[in-house]
Amino acid sequence: MGNPLQLKSLNHISLVCKSLEKSVDFYVNVLGFVPIKRPTSLNFNGAWLFNYGIGIHLLQSDDPEHMTKNPHINPKDNHISFQCESMGAVEKKLQEMKIEYVKNRVEENGIYVDQLFFHDPDGTMIEICNCDNIPVVPLSETKAWSCSRFNCNIPNRQQQIQQMIPM
C-alpha cells in the first residue's frame with residue numbers, strides 16, 4: 001500500500017472547548033504547549049498551540065452549555081497520548097496540581113509500558129506514557145518506524161531506520 005497520499009506527519013488535532021480560556025490554560029500550564037499565531041481570516045474564536053512536533057487547535061464551542069463531559073477516566077476511550085522522560089515526575093506533578101488520574105501498565109514479553117490517564121477541562125482523555133519502551137514491530141512486510149527517536153523527515157533515513165527494527 002505504501003504511502004498513497006504522500007503523507008509526511010501528523011500536523012495537528014482540533015478540539016472543541018466549553019471554555020477556550022480554561023483549555024488554553026490547561027494545554028499551556030499542564031502539558032507545556034506554546035500559543036502560536038493563528039490566521040486572522042478565521043472568523044471564529046479559537047487558539048493554536050504547538051509543541052512536541054504537533055499542533056493543537058482549540059475551538060470555542062458555539063453551544064458550550066450543551067457540551068457533555070464524561071467524568072469517568074477510561075483508558076479504553078479515545079485519547080491523545082504523549083511520551084515522557086519520567087513517569088514518576090509526571091505522577092508527582094499531577095498530584096501537586098490535584099489532577100485526578102488513573103494508572104495502567106502494559107506488558108509485552110517482559111517489556112513494560114506505564115500509563116497515566118486524565119482529562120483536560122472538557123473531558124478529552126490525555127495519556128502520558130513511556131511507550132517508547134515497546135519496539136515498533138510491523139505486522140506485515142511493510143516497514144514502519146518510530147519517529148520518537150529519529151528525525152523521520154531526513155531523506156534516506158527510512159532505510160537506515162528500518163534496518164534497526166527487528167522483524
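## Overall layout

Take the contacts in this protein between residues at least 6 apart in sequence: 52% of them join residues at least 24 apart. The model is a predicted one, so keep that in mind while looking around. Three helices and eight strands make up the secondary structure, and reading along the sequence gives the order β-α-β-β-β-β-α-β-β-β-α.

The protein has 167 residues, and 29% of them count as buried. Its accessible surface comes to about 11,600 Å², with 52% of that belonging to carbon and sulfur atoms.

## The main core

The largest nonpolar core holds 24 residues, and the members touching the most other members are Tyr27, Leu31, Phe118 and Ile126. Plenty of elements chip in: at least two core residues each come from β1 (12–17), α1 (20–29), β3 (46–51), β4 (54–60), β5 (79–83), α2 (87–96), β7 (111–119) and β8 (125–129).

Phe118 is a good place to click first. Setting aside residues up to four places away in sequence, phenylalanine 118 touches Phe26, Val30, Leu31, Ile73, Leu94, Ile99, Glu100, Tyr101, Thr124, Met125, Ile126 and Ile128. Two names on that list, Leu31 and Ile126, also turn up among the core members that touch the most others.

## Helix α2 and its buried face

Which residues of α2 are buried? They are Met87, Val90, Glu91 and Leu94. Looking down the axis of α2, these buried residues fall within an arc of 95°, so they line one face of the helix. The general background is simple: an α-helix has 3.6 residues a turn, so residues three or four places apart point the same way.

As for what lies over that face, the cover for the buried residues of α2 includes β6 (102–108), β7 and β8. Leu94 also shows up among the contacts of phenylalanine 118. Just past the end of α2, lysine 98 takes a positive phi of about 60°.

## Salt bridges

How many salt bridges are there? The count comes to three. One of them ties lysine 103 to glutamate 91, with the closest N and O atoms 3.3 Å apart. This pair links distant parts of the chain, since lysine 103 sits in strand β6 and glutamate 91 in helix α2, twelve residues apart. The two partners sit in contrasting surroundings: lysine 103 counts as exposed because its relative accessibility is 54%, whereas glutamate 91 counts as buried at 17%. Glutamate 91 is thus one of the buried residues of α2 listed above.

Another bridge stays within α2, where the side chains of lysine 93 and glutamate 96 meet at 3.6 Å, N to O. The two are three residues apart in the helix, so about one helical turn separates them. Both ends are partly exposed, lysine 93 at 43% relative accessibility and glutamate 96 with a relative accessible area of 48%. The remaining bridge brings together the side chains of aspartate 114 and arginine 105, at 2.7 Å from N to O. Is aspartate 114 buried or partly exposed? With a relative accessible area of 21%, aspartate 114 counts as partly exposed; the cut-off for buried is under 20%.

## A nonpolar patch on the surface

Over on the surface, Val34, Ile36 and Phe50 make a nonpolar patch of about 240 Å². Isoleucine 36 belongs to strand β2, and phenylalanine 50 to strand β3. Isoleucine 36 is partly exposed because its relative accessibility is 38%, and phenylalanine 50 is partly exposed too, at 39%.

What does isoleucine 36 contact, leaving aside its neighbours within four places in sequence? The partners are Trp48, Leu49 and Phe50. Leucine 49 is 13 residues away from isoleucine 36 in sequence, yet their C-alpha atoms are 5.4 Å apart in space.

Next along the chain comes lysine 37, in the loop between β2 (34–36) and β3. Lysine 37 is exposed, with a relative accessible area of 67%. Lysine 37 and phenylalanine 50 are also 13 residues apart in sequence, with 10.0 Å between their C-alpha atoms.

Conventions
Residues numbered from 1 in each chain as written. Predicted model: local features only at pLDDT ≥ 70, side-chain atom pairs only at ≥ 80, totals over all residues. Heavy atoms only, no water. Core = buried A, V, L, I, M, F, W, Y, C linked by side-chain atoms within 4.5 Å. Buried < 20%, exposed > 50% of the residue type's maximum accessible area, 1.4 Å probe, protein only. Helix = DSSP H or I, 4+ residues; strand = E, 2+ residues; numbered from the N terminus. Contact = heavy atoms within 4.5 Å. Patch = residues over 30% accessible without salt bridge, like charges linked within 9 Å, V, L, I, M, F, W, Y side chains within 5 Å. Areas by Shrake-Rupley, 256 points an atom, 1.4 Å probe, with all protein chains shown as cover. Salt bridge = Lys/Arg side-chain N within 4 Å of Asp/Glu carboxyl O. Arc of directions from axis to C-beta.
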